[in-house]
Each structure stands twice: as structure tokens, then as C-alpha cells.
Amino acid sequence: MKAIKRIGILTSGGDCAGLNAVISSVVKAAAKHHWEVYGIHNGTEGITQTPHSYEVLTVHNFSDTPWPRLSGSYLGSLNKGVKMESLEEMSKKFAVGVKELGLDAVIVVGGDGSMNIVSNYCKGSMVRMIGIPKTIDNDTPITEFSVGFQTAVQVCTEAIDSLELTARSHARALIVEVMGRDAGHLAMHSALAGQADVCLVPEIPYKIEGVINKLKQIKASGRNHAIIVVSESIKAADGNTRSGNKNMVGEAVYGGIGQTLAAEISSRYNEFQIRSNTLGHMQRSGIPAAFDRLLAALYGAKAVELLAEGEDGKMVVWHHGRVEAVPLSDVVRTGTQRLDVINSDYIKAAKEIGMYIGEI
Ligand code: F6P
């Protein structure tokens with residue numbers, strides 16, 4: 001096996017809090033092995049486009065700066081909103097770029113989509129790959145936690161806390177629409193943390209009557225306000241999700257279900273005024289939570305350790321309180337990880353504390 005002299009690190013897909021802490025950990029761990037680290041700009045674009053776009057990263061980039069403590073990606077990222085050429089064309093460009101940059105390995109910080117795409121690129125080139133999971137959606141397969149999720153839960157929980165106060169002042173039921181794509185992790189975790197009254201997620205069907213009955217119960221108990229958390233991708237009563245536009249690869253960009261739901265509830269029940277709030281991209285930012293920074297340190301160190309041991313084609317995961325590595329082929333095969341409706345302790349807890357979470 002060829003000894004490593006130079007690695008690349010890139011962040012791919014939608015950004016989230018904790019990415020810079022990951023980059024910093026990788027750079028520091030790589031320095032112990034005397035490896036050179038190229039920080040690749042804008043996801044794989046920094047490799048596939050010419051001239052290549054990257055910068056040499058050293059511990060100085062992160063030791064005397066606030067970057068490890070900040071959200072966003074120092075390196076920039078690339079998401080699926082960018083039209084790309086065929087896999088074959090992109091793989092060829094990636095192989096050429098990797099060769100020209102002299103990279104022996106790449107560490108890819110991304111979600112399930114990025115793991116799939118970049119592991120395919122790597123097959124056609126002589127470069128080793130280790131993945132580090134990140135996403136506010138927490139839907140990267142196999143791992144219990146992806147970097148960025150806990151901060152997003154914190155942002156949503158703080159929003160719920162703030163909204164509860166104004167809901168109380170105006171005797172309103174406030175809807176909080178949160179991101180998460182096709183998985184309800186972000187909605188369910190923040191609804192539990194924020195003690196919401198209703199939480200609707202794409203994995204569980206619901207009825208408007210169910211939501212209204214919960215509001216009636218609250219009213220009957222003497223409380224004058226309520227909080228309803230909804231996942232951006234739940235279906236409306238007409239059976240369709242709400243999405244504004246499609247991104248450049250044809251995927252739905254969700255948004256607007258909160259408004260639809262507010263209208264549907266208000267047309268049948270008017271004991272509470274209903275208003276909807278969409279939290280939007282602020283969920284991808286905020287001060288990185290300590291747990292995301294902790295994961296960043298553990299994942300970054302493990303990714304470098306795996307490369308030093310000669311590993312290839314693995315993703316680091318959090319499993320039962322330990323950091324482990326699983327084959328990227330398993331990650332790709334498993335696909336998007338959604339809420340486990342049967343076994344989820346979160347769903348069980350929500351039901352036990354009387355939250356309406358749909359017809360289950
Ligand atoms: O995957 C992260 C995420 O923030 C999703 O929760 C959301 O649906 C999507 O990205 C938004 O994408 P964009 O920033 O392209 O609108």
C-alpha cells in the first residue's frame with residue numbers, strides 16, 4: 001500500500017453547524033502523521049473543475065481563528081441544486097483532478113447522497129475515501145447521529161420556546177414548520193425537547209380531525225395556547241406535499257405545508273387563532289452545539305486513523321456511544337434513514353406524554 005503524503009478534505013451537500021470543527025480535527029490529526037492537507041473548495045467542484053480550487057490547510061488555519069467554533073463551511077460546499085454532467089463524465093474529471101492534485105486519499109464530509117456520488121467517483125480513480133456523516137436531517141444511514149443535527153434541534157427548540165410565549169399572550173395555536181427532507185428526526189426531536197402538543201412527521205399518517213381533537217382537549221383543560229411542529233415534507237389533506245420549486249436536478253424543495261395546515265385547521269375549528277412559522281435555513285446555522293463539536297473531534301480523528309491503518313471505502317458512525325466504521329457500500333445500499341416507526345424510543349415517548357403524532 002502506498003504511504004500517504006497528501007490528503008484532500010471537502011464538504012458536500014447542504015451545510016450545517018460543526019463542519020469547521022470537523023475540518024479542524026482532520027487537519028490537526030493529519031499533522032501528527034506529517035500529511036499535507038488540501039482543503040478542496042466547493043465540494044467536489046474544486047477537484048473536477050479547472051483550474052482546481054483548493055488551499056493548503058495547516059493547524060494555523062484553525063488554531064488562532066474562531067473557525068472551529070463557527071457554522072457554515074470554511075471550504076464552501078456543493079449541493080444537488082447544481083446541474084452536473086453524467087456520472088461517467090464527472091468520474092473522469094474527478095480522476096484527472098485527483099491525479100493532478102496528487103491526492104492519496106479524500107475525506108468527504110457529507111450526507112447519504114454525497115457518500116453515494118463521491119464513492120462512485122473514487123472507484124474510477126486511484127484515491128482512497130473515508131466519509132464523515134453530516135446533515136441537519138440526521139438521515140445518513142447506519143449512524144445514530146450526523147454532525148449538525150443536534151445544533152438544528154437546538155435552534156428549533158429555542159424557536160418553539162420563543163413561540164410558546166407569544167402563543168400564550170395571544171391565545172393562539174402556532175405551527176412551527178421545520179426542515180428534515182423526507183425524514184422526521186428533526187421535527188420529532190425538537191417537538192419532544194420543546195414539549196410541543198402536536199408533531200407531524202412524514203413517516204406517520206395523520207388526520208386533521210386528530211389535530212383538532214388535540215386542540216379541543218387543550219382548550220377543555222383550560223390552556224389557551226398550543227404548539228404544533230410539522231415536518232416540511234408531510235402531505236396535506238389533498239394527498240400532496242408542498243414544495244415551492246424543484247432544484248436543478250429535479251428534486252422537490254419543500255416549503256409551505258405550515259400555511260396549508262393553518263388554513264385547513266382554521267376552516268373547521270376557530271377556538272384558537274392559528275398562525276404558521278417557517279424556520280427555514282436558520283436551522284442550518286447557529287452556534288454549533290457541544291455534541292456536534294464533540295462528534296466532529298471524534299469523527300475527524302477516526303477518519304485519519306482509518307486512513308493511517310490503510311483503510312478505504314468506509315464511513316465513520318456513532319453506534320451505541322462508540323465511534324465505529326462501516327463500509328460505504330452498506331451506507332449506499334441502506335439509503336436514507338427515516339424514523340423507525342415501530343422501534344423508535346422518541347415516538348414511544350411522544351405517545352406516552354400525550355403528544356398527537358398522527359394515526360399510530
Ligand atoms: O438536507 C438539508 C436541507 O436543509 C433539508 O432539510 C432541506 O429540505 C434542504 O436541505 C433545503 O435545501 P436548499 O438549501 O437547497 O433549499
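The following exchange examines the ligand site and selected salt bridges of a predicted model.

Colleague: Which residues surround the ligand in this predicted model, and in which pocket does the ligand sit?

Modeller: The ligand sits in the largest pocket. Its surroundings are formed by Asn79, Ile136, Asp137, Met179, Gly180, Arg181, Glu232, Val253, His281 and Arg284.

Colleague: What lies 2.5 Å from an oxygen atom of the ligand?

Modeller: Several polar contacts to ligand oxygen may be considered in turn. Gly180 contributes a backbone N or O atom at 3.1 Å from an oxygen atom of the ligand, and His281 places a polar side-chain atom 2.8 Å from an oxygen atom of the ligand. The distance of 2.5 Å belongs to a polar side-chain atom of Glu232.

Colleague: How much of the ligand's area does the protein bury?

Modeller: Glu232 has a polar side-chain atom 2.5 Å from an oxygen atom of the ligand. Taken alone, the ligand exposes 400 Å². Of that area, the protein buries 79%.

Colleague: Which residue forms a salt bridge with Arg284?

Modeller: Arg284 is among the residues that surround the ligand. Its side chain also meets a carboxylate partner in a salt bridge, at 2.9 Å from N to O, and that partner is Asp15.

Colleague: How many residues apart are Arg284 and Asp15?

Modeller: The side chains of Arg284 and Asp15 meet in a salt bridge. Arg284 lies in the loop between strand 11 (273–278) and helix 10 (290–308), whereas Asp15 lies in the loop between strand 1 (6–11) and helix 1 (19–32). The pair thus links distant parts of the chain, with a separation of 269 residues.

Colleague: Is Gln283 buried or exposed?

Modeller: Gln283 is found in the loop between strand 11 and helix 10. A polar atom of the Gln283 side chain lies 2.9 Å from the backbone nitrogen of Met179. Because the relative accessible area of Gln283 is 1%, this residue is buried.

Colleague: Why does Ser285 count as partly exposed?

Modeller: Ser285 has its place in the loop between strand 11 and helix 10. In space, Ser285 and Thr151 are 7.8 Å apart, C-alpha to C-alpha, although 134 residues separate them in sequence. Partly exposed covers the range between the buried limit of under 20% and the exposed limit of over 50%. Ser285 therefore counts as partly exposed, its relative accessibility being 34%.

Colleague: What is the distance between the closest N and O atoms in the salt bridge of Glu251 with Arg181?

Modeller: Glu251 lies in the loop between strand 9 (243–246) and strand 10 (252–254), and Arg181 in the loop between strand 6 (172–178) and helix 7 (185–193), 70 residues apart. Glu251 is partly exposed at 26% relative accessible area, and Arg181 is partly exposed with a value of 26%. A salt bridge requires the nitrogen to be within 4 Å of the carboxyl oxygen. The closest N and O atoms of this pair are apart by 4.0 Å.

Colleague: In the salt bridge of Asp197 and Arg223, which residue is buried?

Modeller: The side chains of Asp197 and Arg223 meet at 2.7 Å, N to O. Asp197 stands in the loop between helix 7 and strand 7 (198–200), and Arg223 in the loop between helix 8 (208–220) and strand 8 (226–231), 26 residues apart. Arg223 is partly exposed, with a relative accessible area of 30%. The buried residue, at 7%, is Asp197.

Colleague: How many salt bridges does a search of the whole structure find?

Modeller: Among the pairs discussed are Arg284 with Asp15 and Asp197 with Arg223. For the whole structure, the number of salt bridges found is 13.

Key:
Residues numbered from 1 in each chain as written. Predicted model: local features only at pLDDT ≥ 70, side-chain atom pairs only at ≥ 80, totals over all residues. Heavy atoms only, no water. Helix = DSSP H or I, 4+ residues; strand = E, 2+ residues; numbered from the N terminus. Buried < 20%, exposed > 50% of the residue type's maximum accessible area, 1.4 Å probe, protein only. Near = heavy atom within 4 Å. Polar contact = N/O pair within 3.5 Å; in protein donor to acceptor, adjacent residues only side chain to side chain. Areas by Shrake-Rupley, 256 points an atom, 1.4 Å probe, with all protein chains shown as cover. 1 Å grid on protein atoms, 1.4 Å probe; cavity = no way out; pocket = protein on both sides within 12 Å on 5 of 7 lines; lining within 4 Å. Sits in = over half its atoms within 2 Å of the grid points.
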